[in-house]
Structures are given as C-alpha cells and as structure tokens.
Amino acid sequence: IRLADTVTRIQLEGLRPDMQAMLNVDQTNIKGIIITVKSLDEKYDFYSRYFAPWWGNPEDHVTGAAHTVLVPYWSRQLRKKIMNAYQCSLRGGDLTVTMVEEGEGHEGKGGVVLKGKAFILVHGKIMI
C-alpha cells in the first residue's frame, strides 16, 4: 500500500494497525502487508513498514523480502537504481538498495541487492 506523498515519516511511524482485525481477514493469499511512502527528506528515498500477524510476527523490524518488492517499484517511480530506504519499525533499519536490471548482475539475471547492518536473532548449531 503506497500512501500519499504528503504523508510524513512521523505519520507512517504513528500508524497503529488493529492486529486482531487483520487476523480476522481471510489470509489465504496474504503473506503480509507492506505500507510505503516516498520520503520527504534528502537522506532517504522511501520508507516502509511490514505487518504479518498471520505468521506470528505483528511487525517485522527490517524485511528483506518486502524490499524485493519495494525496490523494483520505487526504482520505476523515482527513476533511480540505487536508493536509500528506511523501515520504520520500533527497532528500524537503514538499507541501501540497488535495482539490477536483467543482463546485469549475477549470471545476468538481474534482481535486487540489499545492504545494511544485520542483527542476529538466533545463533546455534545443527548436528546431523
């Protein structure tokens, strides 16, 4: 969902979706809901939030999968290949994102490159 270009980062951060109402919706074809808005400042190109209460994650902190959808969209809208994005969750996260066209990148397949700082949530060993 793209909000109007007049919506600010503060307004996006202030959204409080009703998670129970979301859970009551048939989620057969829903993996999550992405809300995005064009940035009004010079540091970022766009902002986003990602909600997926159906999967036990009311709001994801920084969502790589959502950005694989957002990057091609914003690349077309802004006519830019390299952009700075911010996911406005409580923890939040900065990303530098790049749209790689077909014929470029790994094996010429194109795609999306995401760069940012990672946060390890789980660390362990698997014994086989």
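**Why do we call it that?**

Student: What makes Lys80 and Asp45 a salt bridge?

Tutor: The closest N and O atoms of Lys80 and Asp45 are 2.6 Å apart. A salt bridge is a side-chain nitrogen of Lys or Arg within 4 Å of a carboxyl oxygen of Asp or Glu, so the pair of Lys80 and Asp45 counts. Keep in mind that this is a predicted model, where local features need pLDDT of at least 70, side-chain atom pairs count only at pLDDT 80 or more, and totals for chains, interfaces and linings use all residues. Residues are numbered from 1 along each chain as its sequence is written, and side-chain values use heavy atoms, with hydrogens and water left out.

Student: Which parts of the chain does this pair link?

Tutor: Distant ones: Lys80 sits in the loop between H3 and E4, and Asp45 in the loop between strand E1 (33-38) and E2, 35 residues apart. Those labels are DSSP runs numbered from the N terminus: helices (H or I) have at least four residues, strands (E) at least two.

Student: Why is Asp45 called buried and Lys80 partly exposed?

Tutor: Buried means under 20% relative accessible area, exposed means over 50%, and partly exposed is in between (1.4 Å probe, protein chains only). Asp45 has 13%, so it counts as buried. Lys80 has 32%, so it counts as partly exposed.

Student: How many salt bridges are there by this rule?

Tutor: Four. One of them joins Glu13 and Arg9, at 2.9 Å from N to O. Glu13 and Arg9 are four residues apart in helix H1 (residues 9-14), which means about one helical turn separates them. Another joins Arg2 and Asp5, with the closest N and O atoms 2.6 Å apart. Arg2 is partly exposed at 30%, and so is Asp5 at 35%.

Student: How do you know that Thr63 is buried?

Tutor: Its relative accessibility is 5%, so Thr63 falls in the buried class. Thr63 lies in the loop between strand E3 (57-59) and H3. Leaving out residues up to four places away in sequence, Thr63 touches Tyr50 and Gln87, where contact means heavy atoms within 4.5 Å.

Student: What makes a set of residues a nonpolar core?

Tutor: The residues must be buried Ala, Val, Leu, Ile, Met, Phe, Trp, Tyr or Cys, joined through side-chain atoms within 4.5 Å. The largest one here has 13 residues, and Phe46, Met83 and Val97 have the most contacts inside it. Strand E2 (46-52), H3, E4 and strand E5 (93-100) each give two or more residues to this core. H3 gives the largest share, four residues. A second, separate core of eleven residues includes Leu12, Ile35, Tyr44 and Trp54.

Student: Why is Phe119 called exposed?

Tutor: Phe119 has a relative accessible area of 54%, so it counts as exposed. Phe119 is in the segment after strand E6 (111-115). Together with Leu121 and Val122, Phe119 makes a nonpolar surface patch of about 390 Å². Patch residues have over 30% relative accessible area and no salt bridge; nonpolar side chains (Val, Leu, Ile, Met, Phe, Trp, Tyr) are joined within 5 Å, like charges within 9 Å. Accessible areas come from the Shrake-Rupley method with a 1.4 Å probe, and for residues only the protein chains shown count as cover.

Student: What is the phi of Arg79?

Tutor: Positive, about 55°, although Arg79 is not a glycine. Most residues other than glycine have a negative phi. Arg79 lies in the loop between helix H3 (64-78) and strand E4 (82-87), and at 77% it counts as exposed.
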